[in-house]
Amino acid sequence: MARPIQDAILLMGDSITSRQDVPLSLNARLSECYRRTFDILNRGLGAYNTRFYLPLLDQFLLRTSDFPSSSPYRPQQIRLVTIWFGANDAVLPEFLQHIPLEEYTFNLNKILEKLTSMGSPYTVASQDGPLNIVLITPPPLYPDMMGDEDFAGQRDLENTRRYAEAVLDLGKKWKAKESQGGNWRIATVDMFDGILGEAGGKGEKLRPYFTDGLHLSTLGYTVLWKKLWGILETEFKGRGISPSEVEFTVPDWAILDHSDPNSAVDKMKGPYKRV
């Protein structure tokens with residue numbers, strides 16, 4: 001099996017996170033931005049809401065007890081987590097995926113607790129390095145594009161806004177907890193008003209930002225990327241995740257001793273370098 005040689009970035013969410021068929025999606029942007037510096041772990045699950053995602057965290061996160069303390073190596077650390085739910089939770093109450101707003105907020109809060117609590121059984125916000133968390137609101141939607149029976153009539157723009165506002169409120173509450181200790185920091189991206197602002201309004205102006213009225217186009221993902229990049233280079237500066245600060249794990253070809261192939265190993269970054 002492959003052994004880790006670098007830390008990781010974890011993407012949590014639904015199909016808007018998981019999709020890789022749209023050029024310059026979140027996964028594609030991060031994979032290029034952090035090429036040879038972090039492994040991108042895409043755990044977006046199409047059609048999932050927070051109720052069904054929450055129990056899966058125990059499958060996705062390494063428990064402290066899973067890694068023997070006698071091991072000379074440490075488990076792969078997560079340095080950045082994106083949490084992007086709501087497109088399915090916010091379907092109207094008569095549809096299967098609907099999650100009441102209060103439960104949606106509760107579930108997101110539980111995810112954050114599992115990532116950050118010092119009493120958590122998972123080794124995420126550890127002393128080995130800082131954890132950076134980005135909460136992302138559900139984007140708006142354009143129902144006129146939803147001709148597919150899987151989407152048509154299931155979602156409402158103003159109802160989705162309520163779920164986006166709940167994410168913003170939760171982000172503020174968790175931001176206030178940063179000073180209480182723990183090696184983590186949190187930021188929030190408002191994709192709902194972000195896309196509405198870029199589009200200059202609702203209705204037909206939203207069409208270029210979606211592929212089907214629900215899932216984002218390249219232009220839609222670009223709105224996210226501009227906001228995320230700003231966070232990485234300002235709020236998270238100096239925390240080992242800013243693109244301008246990270247270095248290749250396996251060294252650049254230009255700095256190798258070209259008479260010695262072992263120099264590629266010699267110049268590898270730790271802590272996963274086998275000695």
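Helix H7 is followed by Gly200, whose phi is positive, near 80°. In this predicted model, the opposite end of helix H7, the N-terminal one, is capped by Asp190. The briefing continues with helix H7, then turns to strand E4 and its partners, the nonpolar cores and the largest pocket.

**Helix H7**

- Helix H7 spans residues 191–199, and its buried residues are Met191, Phe192, Gly194, Ile195, Leu196 and Ala199.
- These buried residues pack against three strands and two helices, namely E3 (78–84), E4 (131–136), E5 (184–189), H6 (157–175) and H8 (218–233).
- In the N-terminal cap, a side-chain oxygen of Asp190 lies 3.2 Å from the backbone nitrogen of Phe192.

**Strand E4 and its partners**

- Strand E4 is largely enclosed by the rest of the structure, because six of its six residues are buried.
- One side of E4 carries Leu131, Ile133 and Leu135, the other carries Asn132, Val134 and Ile136, and both faces are covered.
- Strand E4 pairs with E3 in the parallel sense over five bridges, and Ile83 stands opposite Leu135 of E4 in this pairing.
- Strand E4 also pairs with E5 in the parallel sense, over six bridges; here Leu135 stands opposite Thr188 of E5.

**Nonpolar cores**

- In soluble globular proteins, nonpolar side chains tend to be buried together.
- The largest nonpolar core holds 42 residues, and those touching the most other members are Ile9, Leu30, Trp84 and Met191.
- At least two residues of this core come from each of strand E1 (8–13), helix H2 (26–33), E3, E4, H6, E5, H7 and H8.
- Helix H8 gives the largest share of this core, with seven residues.
- Leaving aside residues up to four places away in sequence, Ile9 touches Leu30, Tyr34, Phe38, Asp39, Ile40, Leu41, Leu80 and Ile241.
- A second core, separate from the largest one, has 30 residues, including Leu10, Tyr163, Leu170 and Ile186.

**Largest pocket**

- The largest pocket contains about 510 Å³ of space.
- Its lining comprises 21 residues, and Pro4, Leu62, Phe67, Pro75 and Gln76 lie nearest the centre of the pocket.
- Strand E2 (39–44) and helix H4 (57–60) are the elements that give two or more residues to this lining.

Technical notes. Residues numbered from 1 in each chain as written. Predicted model: local features only at pLDDT ≥ 70, side-chain atom pairs only at ≥ 80, totals over all residues. Heavy atoms only, no water. Buried < 20%, exposed > 50% of the residue type's maximum accessible area, 1.4 Å probe, protein only. Helix = DSSP H or I, 4+ residues; strand = E, 2+ residues; numbered from the N terminus. Contact = heavy atoms within 4.5 Å. Polar contact = N/O pair within 3.5 Å; in protein donor to acceptor, adjacent residues only side chain to side chain. Pairing = 2+ DSSP bridges. Core = buried A, V, L, I, M, F, W, Y, C linked by side-chain atoms within 4.5 Å. 1 Å grid on protein atoms, 1.4 Å probe; cavity = no way out; pocket = protein on both sides within 12 Å on 5 of 7 lines; lining within 4 Å. Points joined across faces, edges and corners; volume = space filled by probe spheres on them.
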